[in-house]
Amino acid sequence: MDYLRKKMLELLQSMGDFALMVAKSFRYMATHFRVGDTLIQMDRVGVGSIPIVFLASIFAGLDMALQFEVVMAPYGARALLGKVVTTSIIRDMGPVLASLVMSARVTAGISSELGMMTSTQQIDALRVMGIDPLDRLVAPRIFAGIVMMPILSISGDFLALLAGLGISMAVGHVPAPLFWSGVRDALTAQNLTDAFLKPLFFGFILTSIGCHYGMKSASGAFGVGRSTTKAVVSAAIWILVANFLLSKLLINIWGLSG
Amino acid sequence: MIQFESVSLGYGDRVVVSDVNIEVPDGKTMVILGDSGSGKSTLLKGVLGILQPFTGKIMVDGEDVGKLNEGELLLYRQRIGMVFQEGALFDSLTVGENVGFWLWEHTDWSDDKIEERVRTLLRFVNLEQVIDQSPDALSGGMKRRVAIARAMAPQDPKVMLYDEPTTGLDPFTSRSICDLVRQVQSEFSVMSLVVTHDLHDAFRVGDLFAFIHDAKVILTGDRKTIEQSTDPFVRTFLST
């Protein structure tokens, strides 16, 4: 019982620390925006992730088109391939897959970097120099995640659609104009809202969780390794949880139309 | 003056040092001695306001550190130079950027003026030649020297804190770091608090000494007081 109570208190403390970190970071973004640091982080978080996100998106597009083609062909519904592939990619697969891939790269990178800085007292050195690490280190990373994730995800969605088109033409013999007409049908306000909003939240989740665990990291290789693992696992779980909640919320708002 | 008045400090609910009463007069260097894990570095964290005292108060230049709010703490810390155990240099920056970091953050000086100040500081620690190098390329002793230069970047730090500045260094390098600590104190008349477990280094840099054992300060005084002490722990420490 004591163990459970202790764990519960630790969890509450951690959630409180996280909320405080996020609130202060947003305040710094609003009051003391660091252009240089933020651009560096946008490059590292966003530009540096282009190859891995694009590669994952292309293969996701290929696979989705292939699977849907197999299921839909017996019903003579190949004409709907463009719409189905587009809807599933831009509403769910694209943002979730890009974010999960990003969490492996960005969350792990942020957590281990800040963890090492904590471990080697560089974070303390910042505080001693009168600089809040949330201002200098955390706010630019969270902002970069929020801005770059939608850009990466939407670009990845586009590549996934191109890959889907390739498979639909090659395997399902669907003419390109028919596929594109399905794509156009699927580009509804509801789907586009999903495509933009979800990665925005996921970008926040994967950077803020990386920062949280990095700043709380214990010393030494073991401590940094452990906090990095926790950060990546937490980010992945919270992305999936947030995806479901956002899907539910957006369906409630927009209704069930696709 | 730095004053610890009946101070207890620790982490979470664990008390590391209790009932500490020590005083560092202006322009003097006090060395905190004690075995590993005795809470020496914890006292420095108290002076920096990173840890809040459970009881008592820490006064620096008449200011109660425990009563400063977050914004005031950030300003207060700008007047303090801190040299961390292994330098704590920012490994994403060059040596010159490390030393100039405070100036870029807190002044509106031009790049040329900052570079001039950085070169002056690096000359002071005899390391101007490594200005463009990464901290990773430096030896342990060089890192400590750069850390001292960085800690002095504010024009007039009132207080210098050194956390085990010679740990892990060879005797020759240790001696040169001790000489540098003395030089900083004599040239800039700062109050210094040095934490170490090395008695030879302590006597090289200190004017006053405080021994910590079993979470308590068991003895304070000048070198003569220390050498004449009959406390068993101090005697053991002196004989090793």
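Student: Let's start with helix α1 of chain B; which of its residues are buried?
Tutor: This model is predicted, so burial here is computed from the modelled atoms. Eight of the nine residues of α1(B), which spans residues 40-48, are buried, so the helix is largely enclosed by the rest of the structure. Those buried residues are Lys40(B), Thr42(B), Leu43(B), Leu44(B), Lys45(B), Gly46(B), Val47(B) and Leu48(B).

Student: What phi does Gly49(B) take just after α1(B)?
Tutor: Gly49(B) comes just after α1(B). Its phi is positive, at about 80 degrees.

Student: Staying in chain B, how are α3(B) and α4(B) oriented to each other?
Tutor: Helix α3(B) covers residues 95-106 and helix α4(B) covers residues 111-124. Their axes come within 9 Å and cross at roughly 125 degrees. An angle between 115 and 145 degrees is neither roughly perpendicular nor roughly antiparallel. The two helices are therefore oblique.

Student: Which residues make that contact between α3(B) and α4(B)?
Tutor: The crossing of α3(B) past α4(B) is right-handed. From α3(B) come Gly96(B), Val99(B), Gly100(B), Leu103(B) and Trp104(B). From α4(B) come Ile114(B), Arg117(B), Val118(B), Leu121(B) and Leu122(B).

Student: How do the residues of that contact of α3(B) with α4(B) divide by class?
Tutor: We can sort the residues of this contact into nonpolar, polar and charged. The division is seven nonpolar, two polar and one charged.

Student: Now chain A: how many helices and strands does it have?
Tutor: Chain A holds 258 residues, of which 46% count as buried. Its C-alpha atoms fill a box of roughly 65 × 50 × 35 Å along the principal axes. Along the sequence the pattern reads α-α-α-α-α-α-α-α-α. That gives nine helices and zero strands.

Student: What share of the contacts in chain A between residues at least 6 apart join residues at least 24 apart?
Tutor: Here we consider contacts in chain A between residues at least 6 apart in sequence. Among them, the share joining residues at least 24 apart is 88%.

Student: Where does helix α4 of chain A bend?
Tutor: Helix α4(A) runs over residues 81-119, and it is mostly covered, with 32 of its 39 residues buried. Just after this helix, Gln121(A) takes a positive phi of about 65 degrees. The bend within α4(A) is about 55 degrees, and its place is Ile89(A).

Student: At what angle do α4(A) and α6(A) pack?
Tutor: Helix α6(A) spans residues 133-170, and its axis is 7 Å from that of α4(A). The crossing of α4(A) past α6(A) is right-handed. The residues of this contact divide into 15 nonpolar, eight polar and two charged. The packing angle is about 145 degrees.

Student: And how is α4(A) oriented to α7(A), oblique or parallel?
Tutor: The axes of α4(A) and helix α7(A), residues 176-186, come within 6 Å and cross at roughly 45 degrees. Angles under 35 degrees would count as roughly parallel. The crossing angle therefore makes α4(A) to α7(A) oblique.

Student: Which residues of α4(A) take part in the contact with α7(A)?
Tutor: On the α7(A) side, the contact includes Leu178(A), Phe179(A) and Trp180(A). By class, the whole contact has six nonpolar, five polar and two charged residues. The α4(A) side consists of Leu81(A), Gly82(A), Lys83(A), Thr86(A) and Thr87(A).

Student: Is Asn243(A) buried or exposed?
Tutor: Asn243(A) sits in helix α9(A), residues 220-254. Setting aside residues up to four places away in sequence, it touches Asp92(A), Val96(A) and Lys198(A). A residue needs 20 or more other C-beta atoms within 10 Å to count as buried. Asn243(A) has 21, so it is buried.

Student: How far apart are the C-alpha atoms of Ser219(A) and Thr118(A)?
Tutor: Ser219(A) lies in the loop between α8 and α9 of chain A. With 13 other C-beta atoms within 10 Å, Ser219(A) is partly exposed. Ser219(A) and Thr118(A) are 101 residues apart along the chain, and their C-alpha atoms are separated by 7.2 Å.

Student: Finally, how many residues of chain B are in contact with chain A?
Tutor: Chain A brings 11 residues to this contact. They divide into four nonpolar, four polar and three charged. On the chain B side, the number is 17.

Terms used:
Residues numbered from 1 in each chain as written. Chains lettered and ligands numbered in written order. Predicted model: local features only at pLDDT ≥ 70, side-chain atom pairs only at ≥ 80, totals over all residues. Axes fitted to C-alpha atoms, helices over the stretch in contact; angles between N-to-C directions. Helix = DSSP H or I, 4+ residues; strand = E, 2+ residues; numbered from the N terminus. Parallel < 35°, antiparallel > 145°, perpendicular 65-115°, else oblique. Left-handed = near helix turned anticlockwise from the far one by under 90°. Contact = placed C-beta atoms within 7 Å. Nonpolar A, V, L, I, M, F, W, Y, C, P; charged D, E, K, R; others polar. Bend = angle between axes of the 7 residues up to and from the residue. Buried ≥ 20, exposed ≤ 12 C-beta atoms within 10 Å, placed from the backbone.
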